[in-house]
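User: Could you take a close look at one part of this protein for me, the nonpolar patch on its surface? I'd like to see which residues make it and how it sits in the whole chain.

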Amino acid sequence: MTRAGATLRLLLPAALLAACGFAGFHELFSNFVDYDDEGWLMMLNLLFLHGYTPYQDMPSTYGPLWLAIVELLHGALAIPVGHDAVRFVTLAWWLLLAAVSAALVRRLTRSSAWACAALVLAFLFVRSIVNEPGHPQAFVAIAALLLPLTGCGARG
């Protein structure tokens, strides 16, 4: 492969991911639905981070793995619990989901073109993530995609 071809192979997915990031930013920061419970989830996260016991001192909709992620993001990494931060984290999950989808398709097909298509299609397919920022759907989808991605490299 030529140097120009290798550069294009890296730049095209990066440009697509940047374009998706711009579009996702616009969607996340200009969208609000009436049933949004983003504030309620932020309050639960704050209670958890202040030492309240899940399922005993506070209600919790999600399991302990998600609470560990909350502890990592807002505790160890010190990302503030606020609407802007929650939406930026949601955007990061969304872009990571698209990138993992592209990596899986690239590993399965060995085609950069199909991987780029998968990146854009996965990004568009989970667009509804903007309706519920702060929820773990994208994390669960990423975890589900990582299983076959790690298995693709195994030799039988």
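Analyst: Happy to! A helix here is a DSSP run of H or I with at least four residues, and helices are numbered from the N terminus. By that rule, residues 3-29 form helix α1, and Phe25 lies in it. Please keep in mind that this is a predicted model.

Now to the patch itself. Phe25 joins Phe29 and Phe88 in a nonpolar surface patch of about 270 Å². How open is Phe25, then? Its relative accessible area is 36%, so it counts as partly exposed, a class that runs between the 20% limit for buried and the 50% limit for exposed. Patch residues need over 30% relative accessible area, and the 36% of Phe25 is given above.

Let's step back to the surroundings. The protein chain has six helices and zero strands, so its elements read α-α-α-α-α-α from the N terminus on. Its C-alpha atoms fill a box of roughly 60 × 40 × 25 Å along the principal axes. Of its 156 residues, 35% count as buried. Among contacts with a separation of 6 or more, 73% are between residues 24 or more positions apart.

The surface as a whole gives the patch its setting. About 9300 Å² of the protein chain is exposed, and carbon and sulfur atoms supply 69% of that area. As for charge, there are 8 positive and 9 negative side chains, with the centres of the two sets 30 Å apart.

Notes: Residues numbered from 1 in each chain as written. Predicted model: local features only at pLDDT ≥ 70, side-chain atom pairs only at ≥ 80, totals over all residues. Heavy atoms only, no water. Patch = residues over 30% accessible without salt bridge, like charges linked within 9 Å, V, L, I, M, F, W, Y side chains within 5 Å. Areas by Shrake-Rupley, 256 points an atom, 1.4 Å probe, with all protein chains shown as cover. Salt bridge = Lys/Arg side-chain N within 4 Å of Asp/Glu carboxyl O. Helix = DSSP H or I, 4+ residues; strand = E, 2+ residues; numbered from the N terminus. Buried < 20%, exposed > 50% of the residue type's maximum accessible area, 1.4 Å probe, protein only. Contact = heavy atoms within 4.5 Å. Lys, Arg positive; Asp, Glu negative; His and termini not counted. Charge placed at Lys NZ, Arg CZ, Asp CG, Glu CD.
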